[in-house]
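This report goes through one protein chain, from its overall make-up to single side chains. Please keep the sequence and the model at hand.

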Amino acid sequence: MHEAGILERCTRRLQEDNNEMLFKLIRRRIKKDVDYAKDIIAIADERLHLDRGTYKHSAKNLVRTEYGLDENNLQAFLGLTDQLAYIFPVKANNIIDYDNPFMRPIFPQVLYENFFKGPQSFAFRYAASFPVAHGRKEIPIGMLCLVTTAIYMALHDIAYENDRLSIQRKAASWDAEYADVMRFLVALKNKSPYGFSTMMAKLYEQASHGQQLQSRMNRVRDALAKINFDKLGTGSL
C-alpha cells in the first residue's frame, strides 16, 4: 500500500506538468495491472541504487582533499562522522564552525556535479521544481540529504577501503545516515525557519553558479564551432 501511494503521487506529478494524457494512461494501467505497477516500482528502486553510486563516486573524487584523508584513516573518519562533524566547515584556528552547517565547499560542488551540470541536468530541465522562500530559490531537503549521505558514504568507503563490507551493510549505512541527516535538517528548519531558508538559498546560489559557469563555457564552445578557420581573417573591413 505504501508503494502504491508513492506511485500514485509520482504519476500525479505528470498531471501537474501538463502531461495529462500520459498521466491518465499510466494511472489507468497501474490500477488494473498489479505486475505493471510492481515493475515500475522495481525500475525506480534500481534507478535509485544506480544514482546513489553516481552521487558517491562524484563525492569520492573530492573528499580526500576536502577532509585531508589518507588511506584507511579510520580514526579521522570516526572523528568526522561523530556528531555530524563532516557537515561543518573548519575555521582558520582549526575550530569547527557549528554556526554554518553544510557550508563546506564540497556540498555545492557535489550538488553541481549531480544536479546542475549541463543541459540534461535536473536543474536545467526542472528549474520550476526548486522551492522558493523569501524570494529566493532553495535546495530541496531531499536533494541535500542525498548529497550529504553520498559524502558520508564516500568517507566511509575510504576509511574501510580494505574491508569487504556486504552490499546489505552498505545499504543499511546509507539508509541510516540519510535518516539522521533528514532529522537534522527538519530540526534546523523547525528551530530557525529563516536561518534554514538562508542556508538552503546559499547552497542553491553556489551550486547554480557552477551551472552558470558551465553555460558560459558552452557559449564560447558554440561560438568557436561556427567559425570557418580556413577563412579566418580573409574578409575586408
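Residues 24 or more positions apart supply 66% of the contacts in the chain with a separation of 6 or more. The model is a predicted one. The chain has 237 residues, and 33% of them count as buried. About 15,300 Å² is exposed, with 55% of that area coming from carbon and sulfur atoms.

**Secondary structure**

Nine helices and two strands make up the list of elements. Their order along the sequence is α-α-α-α-α-α-β-β-α-α-α. The strands are β1 (132-133) and β2 (136-137), with His 134 in the loop between them.

**Nonpolar core**

The largest nonpolar core holds 44 residues. Tyr 67, Tyr 86, Phe 107, Phe 116, Ile 139, Ile 151 and Leu 155 have the most contacts inside this core. Two or more residues each come from α3 (34-67), α4 (74-81), α5 (106-116), α7 (141-159), α8 (167-191) and α9. Helix α7 is the top contributor, with 13 residues.

What does Ile 139 contact, leaving aside its neighbours within four places in sequence? The partners are Leu 111, Phe 116, Phe 130, Pro 131, Leu 144, Met 200, Leu 203 and Tyr 204.

Phe 130 is also a contact of Phe 122. Phe 122 sits in helix α6 (residues 122-125). Its relative accessible area is 31%, so Phe 122 is partly exposed. Beyond four places in sequence, Phe 122 is in contact with Phe 115, Ala 127, Ser 129, Phe 130 and Met 143.

**Salt bridges**

Side chains of opposite charge can pair when their charged atoms come close. The count of salt bridges here is four. The table lists some of them.

| Pair | Closest N to O distance |
|---|---|
| Lys 56 and Asp 157 | 2.7 Å |
| Lys 117 and Glu 113 | 3.4 Å |
| Asp 180 and Arg 183 | 2.2 Å |

Take the pair of Lys 56 and Asp 157. Lys 56 belongs to helix α3 and Asp 157 to helix α7, so their salt bridge ties together parts that are 101 residues apart in sequence. Are these two residues buried or exposed? Both Lys 56 and Asp 157 are buried.

The salt bridge of Lys 117 and Glu 113 has another setting. Lys 117 has 40% relative accessibility, so this residue counts as partly exposed. Glu 113, at 37%, is partly exposed as well.

Asp 180 and Arg 183 are both in helix α8. They are three residues apart, so about one helical turn separates them. Asp 180 is partly exposed because its relative accessible area is 33%. Arg 183 reaches 54% relative accessibility and therefore counts as exposed.

**A polar side chain in α5**

Asn 114 is placed in helix α5. Its relative accessibility is 17%, which means that Asn 114 counts as buried. Which residues does Asn 114 touch, not counting those up to four places away in sequence? They are Thr 54, Tyr 55 and Ser 58. With Ser 58, the side chain of Asn 114 makes a polar contact of 2.8 Å.

**Backbone with positive phi**

Most residues other than glycine have a negative phi. Leu 84 has a positive phi, near 55 degrees. Phi of His 134 is positive too, near 55 degrees.

Where do they lie? Leu 84 is in the loop between α4 and α5. His 134 is in the loop between β1 and β2. Leu 84 has a relative accessible area of 14%, so this residue is buried. His 134 has 54% relative accessibility, so this residue counts as exposed.

**Nonpolar surface patch**

Which residues form a nonpolar patch on the surface? Leu 224, Ile 227, Phe 229 and Leu 232 do, with about 400 Å² of accessible area together. Phe 229 is in the segment after α9 (193-225).

Notes
Residues numbered from 1 in each chain as written. Predicted model: local features only at pLDDT ≥ 70, side-chain atom pairs only at ≥ 80, totals over all residues. Heavy atoms only, no water. Patch = residues over 30% accessible without salt bridge, like charges linked within 9 Å, V, L, I, M, F, W, Y side chains within 5 Å. Areas by Shrake-Rupley, 256 points an atom, 1.4 Å probe, with all protein chains shown as cover. Salt bridge = Lys/Arg side-chain N within 4 Å of Asp/Glu carboxyl O. Helix = DSSP H or I, 4+ residues; strand = E, 2+ residues; numbered from the N terminus. Core = buried A, V, L, I, M, F, W, Y, C linked by side-chain atoms within 4.5 Å. Buried < 20%, exposed > 50% of the residue type's maximum accessible area, 1.4 Å probe, protein only. Contact = heavy atoms within 4.5 Å. Polar contact = N/O pair within 3.5 Å; in protein donor to acceptor, adjacent residues only side chain to side chain.
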